[in-house]
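Hi,

Here is the structure I promised to pass on to you. My notes on what turned up in it follow just below.

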Amino acid sequence: MGVKIDPLKCTACMACELACGYHRDDAFALLSSCIVVYRTRDKKDYFGVILKEEEDLVIARPEGLEVKRIGAVEEGGGGGDASAKPMLLREACDLCEDRDDGPLCKQVCPVDAVYLD
Amino acid sequence: MEFLASDQIAIVDLASGEVETEEFSDELCQEKIGGAGINLALYNQHADGDPIVLGAGLFTGSMVPGSCLGVVTAKSPLTGQVAHAPLTQYLGMELKYSGFDYIVIKNAAAAPTMLWVHDGILDVEEAGGLAGLDVWAAVDQVRADKGDDLIQVLGTGPAAASSDLACLMNNYWPSGDRFGLGHALAAKNLKLVAIRGLGLLEIADDEEFVDQCVALQGEVKGGVWAGKKGLLDLAKGMGQDALADWLAPLVHRHRANFNTPFAANSFLFLQGDPSALPEPEEAEMGVLLTDLGAAALFQQMGLELGDAGAILKQCAKLGLDAGLAAKVCLDGGKTDAAAISGALEGLSGPVEGLSGPFSPATPKTAVFGVDQAGDDAWWTRRQAVAHIFGLDPLFVLLAPELSEAKLVELAGIGTELEFSQEGLDAVIAEVCG
């Protein structure tokens, strides 16, 4: 089971990113989130979500999901845009293992773009 | 302020280029709460410097649903009154995490200037190289110069130097300022404020605060906005089906403001296929609509949507408030696309009917059947609540769950300070003028 993202439901509100940051830091911060909205291509209206898992970087693009092995990304780049630059240094998703209610990102997504499968 | 804050206020004197910092005291927060409440107190404190005050609300950047809003408080060139302009999308959040809770900008610079705000540092920099650039080029230039595409830019465009219809720009898009504050910024020779927020906000009782935010998120999720998205649904929710039908052919996707459940921004593709999803080759595909004001007037004038979109894009690059520009053109009898486009450079006010401290970019008419909507006193009070706590000014109209009692309770949990309904009433009265 893992966190999944429907990029066409996503509205780039960053609630998931904020929730993940809280899970990591017990404060509101965005620097350690393992789920990140990439949002630097404003003028193209192109945005999506990147999730770091133990072995994969999941890039939820509007046109579909792309899964990259972490090692391949480290060697070849291509892990998204500036929003995701530090992703490889961050801890991987642990499904908020300390929470009885499961991943906080899923719980706070207002449009159910984040789900478990 | 130890919690939900960066604990720092900057006082910038553009005339001397000096920056002073002050502690953001618990007492100030307890008395004025945040956002427009504290902005106004700082404005009055520094009134002799004709200040423009930037501030974040108490909950801006937090997990309270709708927590996107920053506020700019200044005297409007159009109304002559102090106004509170909204900073939505990611700009309010970025300010909150920048290391400053409030920035007071006093006096005027002798030469084109920009402010660079990041990591608790505020630099006053010369901006001669940006002075002649349009809004979009200036944003791109600043991000390239600083090497960070996530910098959020509160800026102005070429229109700001001479037109009182110039609005504050939020990166490439209009901010929702309907008060001509772009012109006020330009009068200080301040081209833009570049902000990057990489900070952290401590929470007094973090588990209780987050639990209550999650519960609140669950409550608002079933609200009147549920299942609706973007300005098309908003137009329909206001009974303007013809406007929605007019906009629909060019709408690409809808975007929300930071941590705001209802996505209130819609992108118009002015080239290519609006239904296409892959990343376009072209660098610029169209324009983001952040409210319905200008679009409604252009539709009323009988413009083709593509022509209206081109005018909206032209306004965005000039830093001109499209809603005000459309109204001035309509009042002046200019109702065809070529005449409007040709008149934009050099267009200025006055604008009839502007009043009050809050932007009419947030609709005053009933939306999605919310009972109280359309009641001017109720609308003004909800805007005050939004601008004090840092909440999306549209979403507070759609989410009665964000009640004043709940927000006062959350303020206490998040900060360990004592707040009361009576205290909130007093701040609301002040910011409403």
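About 14300 Å² of chain B is exposed, and 47% of that area comes from carbon and sulfur atoms. Please keep in mind that this is a predicted model. As for charge, chain B carries 24 positive and 60 negative charges, and the mean positions of the two sets lie 6 Å apart.

On the overall fold, the C-alpha trace of chain B spans about 55 × 50 × 45 Å along its principal axes. Its radius of gyration is 20 Å, which agrees with the value near 22 Å for a compact globule of 433 residues. Of those 433 residues, 61% are buried. The secondary structure of chain B consists of 16 helices and 15 strands. If you take the contacts in chain B between residues at least 6 apart in sequence, 67% of them join residues at least 24 apart.

I also looked at one residue in detail, Asn265(B), which belongs to strand S14 (residues 265-269). Is Asn265(B) buried or exposed? Its relative accessibility is 2%, and because buried means under 20%, Asn265(B) counts as buried. The side chain of Asn265(B) makes a polar contact of 3.0 Å with the side chain of Asn257(B). Setting aside neighbours within four places in sequence, Asn265(B) is in contact with Arg253(B), His254(B), Arg255(B), Ala256(B) and Asn257(B), with Leu288(B), Leu289(B) and Thr290(B), and with Gln89(B).

Happy to talk it over whenever suits you.

Best wishes

How values were computed:
Residues are numbered from 1 along each chain as its sequence is written. Chains are lettered from A and ligands numbered from 1 in the order in which they are written. This is a predicted model: local features need pLDDT of at least 70, side-chain atom pairs count only at pLDDT 80 or more; totals for chains, interfaces and linings use all residues. Side-chain values use heavy atoms; hydrogens and water are left out. Helices (H or I, at least four residues) and strands (E, at least two) are DSSP runs, numbered from the N terminus. Buried means under 20% relative accessible area, exposed over 50%, partly exposed in between (1.4 Å probe, protein chains only). A polar contact is a pair of N or O atoms within 3.5 Å; within protein, one must be able to donate a hydrogen and the other to accept it, and residues adjacent in sequence count only if both atoms are side-chain atoms. Contact means heavy atoms within 4.5 Å. The radius of gyration is taken over C-alpha atoms; the globule rule is 2.2 Å times the number of residues to the power 0.38. Accessible areas come from the Shrake-Rupley method with a 1.4 Å probe; for residues, only the protein chains shown count as cover. Lys and Arg count as positive and Asp and Glu as negative; His and the chain ends are not counted. The place of a charge is taken as NZ of Lys, CZ of Arg, CG of Asp or CD of Glu.
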